[in-house]
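Trainee: Could you walk me through this model before I head back to the bench?

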Amino acid sequence: MTQESAAPNTPPASQSPTPSAQFPRNDGDPQGLWIFGYGSLVWRPDFAYSDSRVGFVRGYSRRFWQGDTFHRGSDKMPGRVVTLLEDHEGCTWGVAYQVQGEQNPGYLGPAPEEAIATQILACRGFSGHNLEYLLRLADFMQLCGPQAQDEHLAAIVDAVGTMLPCFCPTEQALALV
């Protein structure tokens, strides 16, 4: 493999990346999801995918700065795996994988905001209540990304806010959750 550039993580100067070259677009496929792998996913994706493309993201550098006590180490001896570091001069190569809705059993697809809000209010898992997930994400966006407009997130929060005063599940209903 030849390198056309002096900096190992910089794309060749002859490449003038367009948005579609940097990150694949899925215009017309609302169920498509792109996952960018920059560590073990480049050689071992553990999920079904319909397309993959080698590419890069600008503004980040890969570093072995993340401790791992499960896959590559133990509690007594954490292994090191990669993470991304914001670096305005950086460029990280990896593989983008397209996962279609039918290939991802966890993909629920579009639904009306009220239906999503109802499901969020009713669900709880090992990491906590689904409502906590929604509210923590909304808080993060308000505190750290106030200039970002996430209309979908705002609509779900509004729908939950509208439903919350009426959401008084019975003991029998809570036992099902």
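What follows is a short chat about the folding elements, the sheet and the core.

Mentor: Keep in mind that this is a predicted model, where local features need pLDDT of at least 70, side-chain atom pairs count only at pLDDT 80 or more, and totals for chains, interfaces and linings use all residues. Residues are numbered from 1 along each chain as its sequence is written, and side-chain values use heavy atoms, with hydrogens and water left out.

Trainee: In what order do the elements of the protein run from the N terminus on?

Mentor: We're counting DSSP runs, helices (H or I) of at least four residues and strands (E) of at least two, numbered from the N terminus. There are five helices and five strands. The order is α-β-β-β-α-β-β-α-α-α.

Trainee: Why is one side of β1 and of β2 left without a neighbour in the sheet?

Mentor: Strands pair here if DSSP finds at least two bridges between them. The open sheet of three strands is antiparallel, in the order β1-β3-β2. So β1 (33–37) and β2 (51–68) each have a single partner strand, because they stand at the edges.

Trainee: Which helices each supply at least two residues of the largest nonpolar core?

Mentor: A nonpolar core joins buried Ala, Val, Leu, Ile, Met, Phe, Trp, Tyr and Cys residues through side-chain atoms within 4.5 Å; buried means under 20% relative accessible area with a 1.4 Å probe, protein chains only. The largest one has ten residues, including Ile116, Leu134 and Ile156. The helices you want are α2 (113–122), α3 (130–144) and α4 (151–163).

Definitions and conventions: Buried means under 20% relative accessible area, exposed over 50%, partly exposed in between (1.4 Å probe, protein chains only).
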